[in-house]
Every structure is written in structure tokens, then in C-alpha cells.
Amino acid sequence: MNPDEWLRAFAAELHHRRVRPDDARHVVAEAATHLRDGGGDPAVVFGPPGRYAAAIAESIGAPPPAPAAPGPVRLQARGITKRYGRRTVLRDAGLTVRAGQIAAIVGANGCGKSTFLRICAGLISPDEGEVTVTGRLGYCPQQGGTSDFLLPDEHFVLVGTGQGLARGQARRAGRAAARQLGWDAPGDVLTRHLSGGTRQKLNLTMSTLAEPDVLLLDEPYQGFDRGTYVDFWEQLGRLRDAGRAIVVVTHLLNQLDRVDAVLDLTPAGGTVRDGGAGWGGRA
Amino acid sequence: MNRMVTVAEMTLRELLRRRGVLALMLLLPLTFYLIRRDAYVGQSVRSLLLGISWAVSTAALFATSAARELEPRLRLAGYRPHHLYLGRMFGLWVAGLVIALPFFLLIAFDAPDLRYGGVAVAMLCCVAVAAPLGILIGALLPRELEGTLLLLTIVTVQMLIDPAGAGAKLTPFWSSREIATWAVDHTDDGYLARGSLHGLAVTVGMVVVVAAVFSLRLRRRRHLRHLPLG
């Protein structure tokens with residue numbers, strides 16, 4: 001592939017990845033200048049056009065897709081107050097998430113993010129407030145939630161049986177959900193032998209296996225490498241596009257441009273705001 | 001039923017893969033049996049029964065503690081509390097019987113002139129009571145160390161208390177001791193009847209308390225309203 005052909009393919013890949021036209025022109029011009037001044041085979045200098053375009057798109061961010069009409073409300077938490085002894089962890093917190101939306105819960109350590117999520121999941125009771133969930137609920141805990149001496153497939157069977165799936169069906173669904181995270185779930189490795197990040201993939205896979213309508217994720221990406229982390233957010237994007245309502249507890253603020261709403265539980269905050277640019281801005 | 005069987009199966013699979021634990025579960029009753037074997041065989045049999053009880057209840061305690069984080073998500077996945085605690089209990093009962101079987105054979109070959117049917121019933125009582133006892137302690141005490149110490153206390157009391165005293169009947173494994181006396185010392189049938197009744201009552205009582213604790217812990221919270229998709 002000569003430089004001109006490579007640049008044309010590169011421009012097409014950038015367009016395919018929805019990089020803004022101005023940004024794409026700028027990046028292609030820079031690459032052309034580099035090739036003209038430095039010479040060399042572009043496939044060696046930059047690599048395949050598709051891969052380089054993917055790296056560029058990830059580094060500068062893709063523009064928001066055309067806003068879709070918000071779906072019906074799937075999760076509504078109102079007036080949530082929770083006290084542990086004299087300490088009030090949550091005061092009148094609320095969140096509404098519609099089908100096809102991702103909401104992030106952010107805040108400092110100990111501000112009640114996980115508590116809020118566990119209240120939404122019905123695992124603990126608030127002192128005040130109520131939660132309404134429409135459809136099936138899925139929950140991924142921050143840690144734990146797997147069994148050391150079971151195989152990944154057995155986890156899929158365990159969760160799938162609860163949903164009324166046959167064993168084979170549950171295994172297939174689990175492996176398919178795992179592949180969405182770039183993970184080929186092994187059939188013969190005990191969970192205790194999986195790395196922390198892979199175990200977390202199993203944890204996440206278990207929560208998405210039954211295709212819940214509302215998905216609650218408590219910092220599910222701990223231990224993920226960068227590639228898996230990107231896969232994770234792409235998976236969330238696909239689930240959102242499929243009409244799921246997703247709530248993610250996160251402290252990684254650089255990902256907030258991919259969400260539609262943010263609940264800030266910092267004591268001075270306690271507010272819901274739009275997610276801003278990036279993927280959405282749909283609150 | 002399918003859900004309960006799946007939980008029982010997974011409990012068994014987990015336990016059978018912990019080979020070190022299995023070895024210790026066998027070693028504990030064996031040690032109890034051998035330590036007094038040179039003296040009176042009745043004492044060895046009673047000690048063995050206590051060893052089986054201790055081993056099975058400890059396994060139940062740890063299985064319950066290990067599943068503590070998993071159970072809420074299984075509840076959300078469609079399991080009801082009774083699927084979880086009964087499934088786990090069935091799995092542990094099966095595991096307990098598997099552990100007890102070689103010891104029954106050991107006694108059958110090693111100790112002559114016993115009522116072996118009585119020995120089998122005593123072992124059945126041990127396993128029947130031990131599984132829900134361990135589950136109950138695991139459910140009430142979230143940390144394994146506290147649970148283990150409580151179990152140790154219960155077994156020590158069981159070991160040291162005067163079996164003829166009124167207080168002995170309040171201990172969970174009194175049934176197996178009573179039945180073992182019938183089996184070893186060829187006492188009257190009252191021992192067998194009292195022991196069997198005690199074992200049955202304690203097992204049923206334990207299961208009921210476990211049911212209450214799990215139903216409370218894994219209950220549907222009132223603040224959460226589920227609506228079907230419209």
C-alpha cells in the first residue's frame with residue numbers, strides 16, 4: 001500500500017469511526033506531512049489504517065451520536081436517606097434512569113455510592129425513600145459475588161438456572177456475554193485461579209447474562225487492563241443502544257463523557273446533572 | 001426444585017474440590033476414634049460421632065460464609081430464600097453421609113458386638129443436625145473466626161457435659177450420644193427412642209430457625225417496588 005492509498009484508507013476509517021470531519025482532516029494532514037518528511041512505509045510507521053484510526057478515535061473521542069428519544073423510566077429512586085448510627089450517609093438522594101441511558105454515581109470515598117446502589121438493588125433498606133424498578137434487575141457487586149471453587153461455566157449455570165434457563169442455554173449465554181468483554185471463558189479453570197481482572201469479568205458477565213432491563217454496576221472494572229476497560233465501556237454502549245437502563249458507580253471521571261446523567265453524592269453535591277458531551281448528553 | 005438441586009450440586013462440587021478440607025474432615029473423626037481406641041470402644045464410637053458432627057458443621061459454616069456475597073445476586077437472579085438454604089443443606093447432608101460412610105465401615109470391621117443399625121442412626125443424627133447448625137452459625141455470624149469459635153464452644157460443651165444431666169438435652173448432638181449408648185452398651189430401647197426423637201426435633205428446629213434467618217436476610221425490601229415491563 002503506497003502512502004496515498006494508506007492515507008485514503010485512513011481517512012475512510014476515521015470517518016467510519018465518526019471522528020469529526022475537521023479533526024479527521026487535521027489528523028490526515030499531519031500523517032501526510034510526517035510521511036512526506038520522514039518517508040517510510042506508512043504501514044510500518046503508523047500500522048494498519050484501521051488500527052491507527054481506532055487509536056486516534058479513542059484518544060480524541062468520537063462525537064455524540066444523534067440523540068435518541070429517551071425511553072420509558074426503568075429506575076426511579078426518590079428521597080433516599082440512609083443513616084448508620086448517627087452518621088447520615090445519604091440524604092434525600094434521587095435518580096431517574098430511562099431505557100437506553102447510562103447514569104454514573106460519583107463522589108468521594110465513603111460518600112455512599114455503593115450504599116445507594118445496594119438500596120436500588122434491594123439488598124439493604126433505606127431509612128427513608130423508595131425505589132421503583134421496571135423490568136428485570138441485574139446487579140454486579142464491587143467484589144465477591146463469585147465462588148472460588150466453581151468453574152466460570154458453573155457460575156453461568158447457577159445464575160441461568162435462577163432465570164429458568166436450561167444448562168446448555170445458560171453456558172452459551174454466559175460465554176457469549178464474556179466474549180463481549182474480550183474474554184473466552186475457559187471451561188476448566190477454577191475461579192480462584194483467575195486473575196483479579198478476569199474474575200471481575202466473570203462477575204460482570206454474571207450480571208449481564210440474563211439480559212436485565214436495569215443493570216446496576218458497582219465499580220465493576222477493578223483490575224481491568226486498558227483493553228478490557230475499553231471493551232467494558234463499548235459493551236455498556238451496546239447495552240444502552242439495546243434499550244437497557246444502566247447505573248455505574250465510578251470514580252474514574254474521565255469516563256463521565258460517556259454517560260447520560262451523573263449523580264454526585266459528594267456531601268456538598270447530591271445533585272443530578274447531565275452527562276455532557278461524548279456519547280450522550282441525554283438526561 | 002431445579003433451582004434447589006442446582007444449589008445442592010454446586011455446594012457439593014465446591015466441597016469435593018477442596019481436597020485439603022476433605023482430608024481434614026476425614027482426619028478429624030478418625031483422630032477422635034483412634035485416640036481412645038486402646039481403651040473402651042464405646043468411648044471411641046462416641047468420640048467419632050462428635051468428630052463427624054464437628055467436621056460437617058464446620059464445613060457447613062464455611063460454605064455458608066463463602067456464599068454470603070453470592071446469595072444476594074442469586075436472589076436477584078430468581079432464587080427464593082428456600083432454594084438457597086435448602087439446596088445448600090441438601091448438598092451438605094449428602095457430603096456428610098459420604099464422610100460418615102467410611103467410618104461406619106471402620107466400626108463394622110473394627111468393633112465387634114455392636115448394634116450397627118444404631119451406629120448408623122446415630123451417624124444420621126450427627127449429619128442431620130450438623131448441617132443446619134453450621135449454616136445457622138454461618139448465617140448469624142458474618143466472620144468465620146467468630147463462627148468457628150462458637151462452634152468450638154458448642155462442641156466442647158457437648159464433650160464435657162454430663163450426659164445424664166438435664167442440661168445435656170439442650171446440646172445439639174445429645175441424640176447421637178444417646179443412640180450410641182444403645183448401640184454400644186446394649187441398653188434398653190428407651191435410649192434409641194429418646195435419641196431419635198431428640199435428633200428429629202433438633203433437626204426440624206434448626207431447619208425452621210435457618211429458614212427464618214434466611215428469609216429475613218434475603219427478604220424483598222419494602223422500599224423496592226418491581227413493575228413488569230409494560
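## A hairpin in chain A

Strands β1(A) and β2(A) form a hairpin with two residues between them. In the turn, G85(A) has a positive phi of about 65°. The model described here is predicted.

The hairpin strands, β1 (residues 73-84) and β2 (residues 87-98) of chain A, run antiparallel and are joined by eight bridges. One pairing involves Y84(A), whose bridge partner in β2(A) is R87(A).

## From the hairpin to the other chain

Strand β1(A) also pairs with β4(A): five bridges join these two strands, which run antiparallel. Within this pairing, Q76(A) stands opposite T132(A) in β4(A).

Strand β4 (residues 128-134) of chain A is in turn joined to β1(B) by four bridges, and here the strands run parallel. T132(A) appears again in this pairing, where T132(A) stands opposite R225(B) in β1(B). Thus T132(A) faces Q76(A) in one pairing and R225(B) in the other.

## Chain A as a whole

Chain A contains nine helices and nine strands. Of its 283 residues, 45% count as buried. Among the contacts in chain A with a separation of 6 or more, 68% come from residues 24 or more positions apart.

## The contact between the chains

The contact between the two chains takes 33 residues from chain A and 26 residues from chain B. On the side of chain B that touches chain A, the elements giving two or more residues are α1, α4 (70-76) and β1 (224-227) of chain B. Helix α1(B) gives the most to this side, with seven residues. By class, the residues of this side of chain B divide into 11 nonpolar, 10 charged and five polar.

## Two helices that meet across the contact

Helix α6 (residues 152-162) of chain A and helix α1 (residues 2-17) of chain B have axes that come within 9 Å and cross at roughly 160°. An angle over 145 degrees counts as roughly antiparallel, and α6(A) and α1(B) are therefore roughly antiparallel to each other. Their crossing is left-handed.

From α6(A), the residues that take part are E154(A), V157(A), L158(A), T161(A) and G162(A). They meet N2(B), R3(B), T6(B), M10(B) and R13(B) in α1(B). By class, this contact of α6(A) with α1(B) has four polar, three nonpolar and three charged residues.

Key: Residues numbered from 1 in each chain as written. Chains lettered and ligands numbered in written order. Predicted model: local features only at pLDDT ≥ 70, side-chain atom pairs only at ≥ 80, totals over all residues. Axes fitted to C-alpha atoms, helices over the stretch in contact; angles between N-to-C directions. Parallel < 35°, antiparallel > 145°, perpendicular 65-115°, else oblique. Left-handed = near helix turned anticlockwise from the far one by under 90°. Contact = placed C-beta atoms within 7 Å. Nonpolar A, V, L, I, M, F, W, Y, C, P; charged D, E, K, R; others polar. Buried ≥ 20, exposed ≤ 12 C-beta atoms within 10 Å, placed from the backbone. Pairing = 2+ DSSP bridges.
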